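Colleague: I would like a close look at one part of this model, with its surroundings worked through step by step. Please keep to what the coordinates give.

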Amino acid sequence: MSVEGSVRERRRAETVQEIKAAALEQLAEGGPGGLSLRGVARAVGMTVQSLYHYFDSRDELLTALVIDGHRSLAAAVAEAADATRGRPQAERLWAASNAYRRWALANRPAFLLLYGTPVPGYEPPPREEVIGAAVSLAEPFLDVVFDGWSAEQLQRLPLQPGAERLADADTTKVPLPAGALALFYELRAQLHGMVMLELTGHLSPVTDYGEDLFRGMIHRAAAQLAALRAQV
């Protein structure tokens with residue numbers, strides 16, 4: 001690539017990032033229904049027609065934000081998981097879970113785009129790139145949640161009454177036996193639920209103790225995992 005071409009590509013990448021940042025700012029200010037290409041174009045100082053050279057629709061811009069958000073969140077959790085490799089499982093679980101929590105608090109508009117109220121009229125397309133980004137978070141969490149577990153132990157985890165149909169679930173994206181898969185998503189729901197309560201201001205009257213509540217919950221989860229591992 002020529003120097004001129006390299007400069008052009010760099011400028012395009014910078015403009016794309018500026019557009020994405022403006023879109024997230026609109027979502028932060030106006031909520032899930034507050035995004036418009038006209039408003040984004042105005043924020044970055046270009047016409048809507050010029051914006052179409054970068055994103056051909058509102059949905060394409062939203063999809064780019066969704067992919068970025070999933071990848072960035074997964075990278076933050078993976079970094080924490082990697083940094084604690086070889087340490088006690090409870091310490092690793094706390095580090096990865098709190099990385100998830102801290103990313104959510106630091107990137108509220110992006111996190112709510114991923115997991116909050118859907119943007120009216122928008123559904124993430126079932127493209128492999130989107131699906132792959134969405135499930136990329138599972139890998140680092142699997143690494144810490146079942147750290148030290150053998151394949152036999154995972155296989156022996158039972159499904160709880162009422163969850164028997166999970167035995168027929170497609171586990172291609174999250175390769176776990178049915179009982180372990182159910183446990184994994186139960187733990188995921190616990191940590192995500194606490195993060196959402198803190199992020200949306202629903203921890204009253206203990207609003208100032210979000211991290212303390214979260215730490216205690218993860219400590220309990222680690223103890224429960226250790227007890228389960230000893231049983232199977």
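Are Tyr100 and Phe111 buried or exposed? Please start from that pair and work outward.

Modeller: The model is predicted, and what follows should be read with that in mind. Both Tyr100 and Phe111 are buried. For Phe111 the relative accessibility is 0%.

A pair of aromatic rings is described by the distance of the centres and the angle of the planes. The structure holds 7 aromatic pairs, and one of them joins Tyr100 to Phe111, with 5.6 Å between the ring centres and 85° between the planes, an edge-to-face arrangement. Tyr100 belongs to helix 5 (residues 89-106) and Phe111 to helix 6 (residues 108-115), so this pair ties together parts that are 11 residues apart in sequence. Phe111 also pairs with Trp103: here the centres are 6.5 Å apart and the planes meet at 55°, so the pair is tilted, because an edge-to-face label needs an angle over 60 degrees. Trp103 has a relative accessible area of 9% and is therefore buried, the limit being under 20%. These three residues are part of one aromatic cluster, made up of Tyr100, Trp103, Phe111, Tyr115 and Phe141.

The next step outward is the nonpolar core. The largest one has 43 residues, and Tyr100, Phe111 and Phe141 are among those that touch the most other members, together with Phe146, Leu176 and Phe184. At least two residues of this core come from each of helix 4, helix 5, helix 6, helix 8, helix 10 and helix 11. Helix 10 supplies the largest share, 10 residues. As an example of the contacts involved, Leu176 touches Leu142, Phe146, Leu154, Thr171, Leu181 and Phe184, leaving aside residues up to four places away in sequence. A second core is separate from this one; it has 23 residues, including Val44, Leu61, Leu62 and Leu114.

Helix 11 (residues 210-231) is one of the contributors to the 43-residue core. Its 22 residues reach 32 Å from the first C-alpha to the last, close to the 32 Å expected at 1.5 Å a residue. The buried residues of helix 11 include Gly210, Phe214, Met217, Ile218, Ala221, Ala222 and Leu225. They cover an arc of only 140° around the axis, which puts them on the same side of helix 11. The spacing fits a general rule: an α-helix has 3.6 residues a turn, so residues three or four places apart point the same way. Helix 5, helix 8 (138-145) and helix 10 (178-199) are among the elements that cover the buried residues of helix 11. On the face turned away from that buried side, helix 11 carries the exposed residues Asp212, His219, Arg220, Ala230 and Gln231.

Helix 5 and helix 8 are also joined by charge. Side chains of opposite charge can pair when their charged atoms come close. Arg92 and Asp143 form a salt bridge with an N to O distance of 2.8 Å. Arg92 sits in helix 5 and Asp143 in helix 8, 51 residues apart, and the pair thus links distant parts of the chain. The two partners differ in exposure: Arg92, at 1% relative accessibility, is buried, while Asp143, with a relative accessible area of 24%, is partly exposed. This bridge belongs to a network of salt bridges that links Asp82, Arg85, Arg92, Asp143 and Asp147.

The count for the structure comes to 15 salt bridges. Another of them pairs Arg127 with Glu60, the closest N and O atoms being 3.5 Å apart. Arg127 lies in the loop between helix 6 and helix 7 (128-135) and Glu60 in helix 4 (residues 58-83), so the pair ties together parts that are 67 residues apart in sequence. Both ends are partly exposed, Arg127 at 33% relative accessibility and Glu60 at 30%. A further bridge connects Glu128 and Lys173 at 3.1 Å, N to O. Glu128 is in helix 7 and Lys173 in the loop between helix 9 (151-156) and helix 10, 45 residues apart. Glu128 is exposed at 52% relative accessibility, whereas Lys173 is partly exposed at 44%.

Notes
Residues numbered from 1 in each chain as written. Predicted model: local features only at pLDDT ≥ 70, side-chain atom pairs only at ≥ 80, totals over all residues. Heavy atoms only, no water. Phe/Tyr/Trp six-rings, centres within 6.5 Å; stacked < 30°, edge-to-face > 60°. Helix = DSSP H or I, 4+ residues; strand = E, 2+ residues; numbered from the N terminus. Buried < 20%, exposed > 50% of the residue type's maximum accessible area, 1.4 Å probe, protein only. Expected span 1.5 Å × (residues − 1). Arc of directions from axis to C-beta. Contact = heavy atoms within 4.5 Å. Salt bridge = Lys/Arg side-chain N within 4 Å of Asp/Glu carboxyl O. Core = buried A, V, L, I, M, F, W, Y, C linked by side-chain atoms within 4.5 Å.
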